[in-house]
Amino acid sequence: MNLMKLPYKIDAKVPEVVSEFPWSRAVAAGSLVASAWLLIAGKRKAALAVAAAGAAAAVIESPETAREIWEKVPGYLRAGQDFLVRAEDFVEDLAKKGEKFRETLMR
């Protein structure tokens, strides 16, 4: 199968917007939306596969951005872990204060 250029007559009628449209970005965004939909529908394996395809399309379009995000992932994970630790401490503190309040009301 040979790939050939569009004939000049057809190429002249195709709007420039179509040729300049970032198709890889559209594929990446569409696959990530489809992945979210599959995840909501309970199809985890399919959602993971579609999300991986979307991530691959995003990497193909902009490998520098993907590399920057990949390098920042440990920081994001650390920030998320710190947030969860703070939330856990807050809930524990709230439970202790609630217990003291109950004891005060029971007296």
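**Exercise 1. Work out whether S35 is buried or exposed, and find what its side chain meets.**

Step 1. Start with accessibility: S35 has a relative accessible area of 9%, so it is buried. Here buried means under 20% relative accessible area, exposed means over 50%, and partly exposed is in between, with a 1.4 Å probe and protein chains only.

Step 2. Bear in mind that this is a predicted model: local features need pLDDT of at least 70, side-chain atom pairs count only at pLDDT 80 or more, and totals for chains, interfaces and linings use all residues. Residues are numbered from 1 along each chain as its sequence is written, and side-chain values use heavy atoms, with hydrogens and water left out.

Step 3. Place the residue: S35 lies in helix α3. Helices are DSSP runs of H or I with at least four residues, strands are runs of E with at least two, and both are numbered from the N terminus.

Step 4. Look for polar partners. A polar atom of the S35 side chain lies 2.8 Å from the backbone oxygen of A47. A polar contact is a pair of N or O atoms within 3.5 Å; within protein, one must be able to donate a hydrogen and the other to accept it, and residues adjacent in sequence count only if both atoms are side-chain atoms.

Step 5. Skip neighbours within four places in sequence, and S35 is in contact with A47, V50 and A51. Contact means heavy atoms within 4.5 Å.

**Exercise 2. Describe the surroundings of A47.**

Step 1. A47 sits in helix α4 and is buried, with a relative accessible area of 3%.

Step 2. Not counting residues up to four places away in sequence, A47 touches S35, L38 and L39.

Step 3. Now try C-alpha separations. A47 and A36 are 11 residues apart along the chain, with 6.8 Å between their C-alpha atoms. A36 belongs to helix α3 and counts as partly exposed at 37% relative accessibility. For A47 and S31, 16 residues apart along the chain, the C-alpha separation is 9.1 Å.

**Exercise 3. Find the polar contacts of the S31 side chain.**

Step 1. S31 is in helix α3, and its relative accessible area of 12% makes it buried.

Step 2. Within its own helix, check A28: the S31 side chain reaches the backbone oxygen of A28 at 2.9 Å.

Step 3. Then check G54, whose backbone nitrogen lies 3.3 Å from a polar atom of the S31 side chain.

Step 4. Leave out residues up to four places away in sequence, and S31 touches V50, A53 and G54.

**Exercise 4. Work out how α3 and α4 are arranged.**

Step 1. Get the geometry: the axes of α3 (residues 23–41) and α4 (residues 44–61) come within 8 Å and cross at roughly 165 degrees. Axes are lines fitted to C-alpha atoms, for helices over the stretch in contact, and angles run from 0 to 180 degrees between N-to-C directions.

Step 2. The two helices are therefore roughly antiparallel to each other, a label for angles over 145 degrees.

Step 3. List the players: residues of α3 including S24, R25 and L32 meet residues of α4 including R44, A46 and E61. The residues of this contact split into 13 nonpolar, 4 polar and 3 charged.

Step 4. Finally, zoom out. The chain has 5 helices and 0 strands, and of its 107 residues, 6% count as buried.

Key
Angles under 35 degrees count as roughly parallel, over 145 as roughly antiparallel, 65 to 115 as roughly perpendicular and the rest as oblique. Ala, Val, Leu, Ile, Met, Phe, Trp, Tyr, Cys and Pro count as nonpolar, Asp, Glu, Lys and Arg as charged, and the others, Gly among them, as polar.
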